[in-house]
Amino acid sequence: SDALHDAARTQLALLGNKLPNRLGNQLVNGNFESGDLEGWTVENGQQGVTRDQVRSGSFAAVSKLGGPATLSQEIPVIPFERYRLTAWGRSKNPPPETSVPMEVAVEFFDGKKKIDAPSTRCMLRTLDPADGWARLRLTVSVPARADSAVISLRRSFNGVTMWDDVV
């Protein structure tokens, strides 16, 4: 698939969107500025917020040592609409060479039933902590019956990782 084609479809969808609530950020506390994980569900791992080395503002989410870690949030979606998700992540120590790097994933639901559709995910392109904050961005098209999506911020290795500015 042509990446420019997907970007053009997203831009057209945004330009044609006349409802004000559909353009705003659907995530609650995506910048973690509440000073806690309000709006997020800790699925696993030792998760919290920190003031240390944030990307912007005063707080960022931090996943501490202790194995895999996942933060997730359910948001309402509109069938056939396109959404763009941007998240900034960083690893404070290098992951093992065999691990999956930090990733953002989106799954769609019809009520509480998961829709059988290909999982959409975007992985961090760097494993070097010296690179600092790196952007993860993906664009998704909502399946026909979906009324919600679950956004997951994941780390599969034992290390310290951070998330900020998830919109």
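**Group meeting talk: a walk around strand 6**

Let's start with a residue, D36: with a relative accessibility of 37%, D36 counts as partly exposed, because partly exposed covers the range between under 20%, which is buried, and over 50%, which is exposed. You'll find D36 in the loop between helix 1 and strand 1. Before I go on, please keep in mind that this is a predicted model.

What does D36 touch, once its neighbours within four places in sequence are left aside? The answer is N29 and V49. There is also A61, which sits 25 residues away from D36 along the chain, with 8.1 Å between the two C-alpha atoms.

Stay in that loop for a moment, please. F32 also lies between helix 1, residues 3-16, and strand 1, residues 41-44. Is F32 buried or exposed? F32 is buried, because its relative accessibility is 0%. Its backbone deserves a look as well: phi of F32 is near 60°, a positive value in a residue other than glycine. As a general point, most residues other than glycine have a negative phi.

D165 is another residue of this kind, with a positive phi near 50°, and it is not a glycine. D165 is in the segment after strand 11, which covers 161-164. The relative accessibility of D165 is 13%, so D165 counts as buried.

Now let's step back to the whole protein. How many helices and strands does the secondary structure come to? There is one helix, and there are 11 strands. Along the sequence, the helix is followed by the strands, in the pattern α-β-β-β-β-β-β-β-β-β-β-β. The protein has 167 residues, and 44% of them are buried. Its accessible surface is about 9000 Å², with 52% belonging to carbon and sulfur atoms. And if you take the contacts with a separation of 6 or more, 76% of them are between residues 24 or more positions apart.

Y83 gives us an example to look at. Y83 belongs to strand 5, residues 82-91. With 17% relative accessibility, Y83 falls in the buried class. What does Y83 touch, not counting residues up to four places away in sequence? Its contacts are P76, V77, I78, L138, T139, V140 and V142. If you'd like a distance to check on screen, go from Y83 to Q26: they are 57 residues apart in sequence, and C-alpha to C-alpha they are 9.9 Å apart in space.

On to strand 6, the centre of this talk. Strand 6 covers residues 103-110. Is this strand mostly covered or mostly open? Six of its eight residues are buried, so mostly covered is the right description.

Which strands does strand 6 pair with? One partner is strand 10, residues 148-155, in an antiparallel arrangement over seven bridges. In that pairing, V106 stands opposite I151. Another partner is strand 8, residues 120-123, again antiparallel, here over four bridges. There, V104 has C122 as its bridge partner.

Strand 7, residues 113-114, pairs with strand 6 too, antiparallel and over two bridges. Here D110 has K113 as its bridge partner. Strand 6 and strand 7 form a hairpin with two residues between the strands, and in it G111 takes a positive phi near 70°.

My last stop is empty space. Rolling a probe the size of a water molecule over the atoms shows where such space is left. How many cavities of 30 Å³ or more does the count come to? It comes to two. I'd like to show you the second largest cavity, which has a volume of about 40 Å³.

Which residues line this second largest cavity? They are V106, E107, F108, K114, I115, A117, P118 and S119. Sorted by type, the lining has five nonpolar residues, one polar residue and two charged residues. Strand 6 provides the largest share of this lining, with three residues. V106 is a name you have already heard: it lines this cavity and stands opposite I151 in strand 10.

So, to close, look once more at strand 6 on the screen. It pairs with strand 10, with strand 8 and with strand 7, and it gives the second largest cavity the largest share of its lining. Thanks for listening, everyone!

Note on methods:
Residues are numbered from 1 along each chain as its sequence is written. This is a predicted model: local features need pLDDT of at least 70, side-chain atom pairs count only at pLDDT 80 or more; totals for chains, interfaces and linings use all residues. Side-chain values use heavy atoms; hydrogens and water are left out. Buried means under 20% relative accessible area, exposed over 50%, partly exposed in between (1.4 Å probe, protein chains only). Contact means heavy atoms within 4.5 Å. Accessible areas come from the Shrake-Rupley method with a 1.4 Å probe; for residues, only the protein chains shown count as cover. On a 1 Å grid over the protein atoms alone, a cavity is a set of points where a 1.4 Å probe fits but cannot get out, and a pocket is an open set with protein on both sides within 12 Å along at least five of seven lines; lining residues have an atom within 4 Å of a point. Grid points are joined across faces, edges and corners, and a volume is the space filled by probe spheres set on the points. Ala, Val, Leu, Ile, Met, Phe, Trp, Tyr, Cys and Pro count as nonpolar, Asp, Glu, Lys and Arg as charged, and the others, Gly among them, as polar. Two strands pair if DSSP finds at least two bridges between them.
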